Amino acid sequence: MGGGRDEQIPDASARLAPLASSERLRLFTLARAQDTRRAPPAYTNALRRALRDTGFYHEGGAELMDRSLRFSPVLTWDENINGGYFNDRLDLGGLILVADPANLARAGVLVGGRVDATARMSWDEGRVIDLRASAELAWSPEHDIGRASAGVEACGRNHVTGWTFVDLCASASASQRALSEGSAAGISAALVHLVSTAEAAHQFSLELDRRALDAGFQTGLTLGWSAVWNRAVTEITLGAGTPIPDATATRGRVSARVGFLWHERAVSLSAWHVQASGGRLLGMDRADRVTGLGVSIEARRGMSIEVTHQVTRSTIALFDEDRTGLSVRFRLGRR
């Protein structure tokens, strides 16, 4: 598994590798630096650890390689804690319907906690099984209401040849607010390939998934590209989903992210756009367009501040939204 020749010493890109969302892309960036045979010893040690973590020093038999349990406090501003409507009126050709005030959105500060548990087992050379579980509970003292969410995932991550991998995953999740709740379960298969150019390390992915949602079943296709350059990390994702009869379902989505270091602090800029359609309300067709922007900055080691703004425009004005979020994220716990 070589990272490919490079005429430059990619020290800068190796420094940015931790900003990449993909563990494999981080590993590949270190291997790319090592292939110059001029990388500092710290990169060699980091590469060995990364290879071991992904099952490449497997000695036979199943082995529990890693496990972790982390608790993080939750501190966030949510403009729709209860999952209610942002608008209180619906115009039906001059007939005005007014929503019950109890069903309108409630905004405020949420405090609570989050638990994340992970385990990784190696069972063959370059092949691991990842298990993940998480749960979050947050409460609004102002409104005396809360929200909760939980999820589990199991993935088999398999090295095929060179820098090509195949992943098989199964997952389930659920969320609950005062006026809404939802659940989902799904399976997915992904093909991942990494390549090196003189300018950057690249990862390409193709994923097919089948999900069981509250509204019905949906099949999705996702294309992904991410890269680590000398000054930034970039990611782009394109997705499409099949319609769900008589339900509003996500049909297309695109997202992009740029990460970089600013005064040695990690900064991330993100943008996304989602289109959903297929539902109806009182005989009217519903189609939604959601556009959002976000910025995250590392305030100190183990703590980041994230600000997001999202705008939803629907063919039914009742579902129009302008939502701003502010979160302080912590990375605490024990391994």
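These notebook entries record what I looked up in a predicted model.

**Entry 1: aromatic rings.** I looked for pairs of aromatic rings and found three in the structure. I then examined one of them, formed by Phe28 and Trp163. Its ring centres are 4.8 Å apart, and the planes meet at 70 degrees. An angle over 60 degrees counts as edge-to-face, so I entered the pair under that heading.

I next asked which parts of the chain this pair connects. Phe28 belongs to helix α2 (residues 23-34), while Trp163 sits in the loop between β6 (145-161) and β7 (164-176). The pair therefore ties together parts that lie 135 residues apart in sequence. I also checked accessibility: Phe28 and Trp163 are both buried. Ring pairs join Phe28, Trp163 and Phe165 into a cluster.

**Entry 2: a charge over a ring.** I noted that Arg286 lies over the face of Phe319, 3.7 Å from the ring centre.

**Entry 3: helix α3.** I turned to helix α3, which runs over residues 41-53 and has 13 residues. From its first C-alpha to its last it reaches 19 Å, close to the 18 Å expected at 1.5 Å a residue.

Which residues of α3 are buried? I listed Tyr43, Thr44, Ala46, Leu47, Ala50 and Leu51. Viewed down the helix axis, these buried residues fall within an arc of 165 degrees, so they line one face of α3. I recalled the general reason: an α-helix has 3.6 residues a turn, so residues three or four places apart point the same way. On the other side of α3, I found Pro41 and Arg49 exposed.

Finally, I recorded that Gly55, just after α3, takes a positive phi of about 90 degrees.

Notes. Residues are numbered from 1 along each chain as its sequence is written. This is a predicted model: local features need pLDDT of at least 70, side-chain atom pairs count only at pLDDT 80 or more; totals for chains, interfaces and linings use all residues. Side-chain values use heavy atoms; hydrogens and water are left out. Rings of Phe, Tyr and Trp (its six-membered ring) pair if their centres lie within 6.5 Å; planes under 30 degrees apart count as stacked, over 60 as edge-to-face and the rest as tilted. Helices (H or I, at least four residues) and strands (E, at least two) are DSSP runs, numbered from the N terminus. Buried means under 20% relative accessible area, exposed over 50%, partly exposed in between (1.4 Å probe, protein chains only). A charge sits over a ring if NZ of Lys or CZ of Arg is within 6 Å of the ring centre and within 35 degrees of the ring normal. The expected span of a helix is 1.5 Å times one less than its number of residues. The arc is that of the directions from the helix axis to the C-beta atoms.
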